[in-house]
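Hi,

Here is the structure I promised to pass on. Have a look at it first, and then read my notes below.

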Amino acid sequence: MDLRKIKKLIELVEESGITELQVRSGEEEVRISRATLPVATQSVASVPEPAAAPVEATSAQSGDVVAAPMAGTFYRAPAPGETPFVAPGATVAVGDVLCIIESMKMMNHIETEEAGEVVAVLAADGQPIETGAPLFRIA
C-alpha cells in the first residue's frame, strides 16, 4: 500500500474521532488504532473540576449554551482575516450561522436553533474541539 494513502488514512482517523480503522486491499491490510489511555486519564483527572465549574458558570452567567454537534476545528469567520459570523452583543435569529466546524476536510456551518443575543464566545478560533464542547452562550 502506498505511504501517501496510509498517511491520509491516519489523518482521517485523527479528524473523525474514531478509535480504529482497518482497510484491506487485495492481500494488503492496514489497521490504524488510536490510543484510548489519554482520554481515560483526562476524564478521570477532570471529573471533580467540571462538577464545580458549571455551578459557578450558571450562577454568574445566564443564557443557553450552544454545543458543538461534532468534533473538528472551530472557526469564527468564513475565511482567515474576515469578520466573524457573530460577536458578543450580536442579535441572532433562528438559522443564522454562528461559526464553521471543519471536520474531515468538510466545512460545516453551525446555525443557531434559537433567537437571542450572543453573550459570549466560549471556544478559541482555529482550535480543535470535541463533540459537545461549549461554543457560544446565547441569552
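How much area does the chain expose, and what share of it do carbon and sulfur atoms supply? The chain exposes about 9,200 Å², and 56% of that comes from carbon and sulfur atoms (areas are from the Shrake-Rupley method with a 1.4 Å probe; for residues, only the protein chains shown count as cover).

Before the rest, the small print. This is a predicted model, where local features need pLDDT of at least 70 and side-chain atom pairs count only at pLDDT 80 or more, while totals for chains, interfaces and linings use all residues. Residues are numbered from 1 along each chain as its sequence is written, and side-chain values use heavy atoms, with hydrogens and water left out.

Overall layout: the chain has three helices and 10 strands (DSSP runs numbered from the N terminus: H or I of at least four residues for helices, E of at least two for strands). From the N terminus on, the order is α-β-β-α-α-β-β-β-β-β-β-β-β. Of the 139 residues, 22% are buried (buried is under 20% relative accessible area, exposed over 50%, partly exposed in between, with a 1.4 Å probe and protein chains only).

Now the sheet. Four strands make an open, antiparallel sheet in the order β3-β10-β8-β5 (two strands pair if DSSP finds at least two bridges between them). β3 (64-67) and β5 (91-92) each have a single partner strand, so one side of each lacks a neighbour in the sheet. Two bridges join β5 to β8, and T91 sits opposite E117 in β8.

V118 also belongs to β8 (residues 116-121). It is buried, with a relative accessible area of 0%. Beyond residues up to four places away in sequence, V118 touches V86, A87, P88, G89, A90, V92, F136, R137 and I138 (contact means heavy atoms within 4.5 Å). V86 is 32 residues from V118 in sequence, yet the C-alpha to C-alpha distance is 7.5 Å.

Last, the largest nonpolar core (buried Ala, Val, Leu, Ile, Met, Phe, Trp, Tyr and Cys residues joined through side-chain atoms within 4.5 Å). It has 16 residues, and F74, L98, I129, L135 and F136 touch the most other members. β6 (97-103) and β10 (134-138) each supply at least two residues of this core. Setting aside neighbours within four places in sequence, I129 is in contact with A68, M70, A71, G72, F74, I101, A123 and L135.

Cheers
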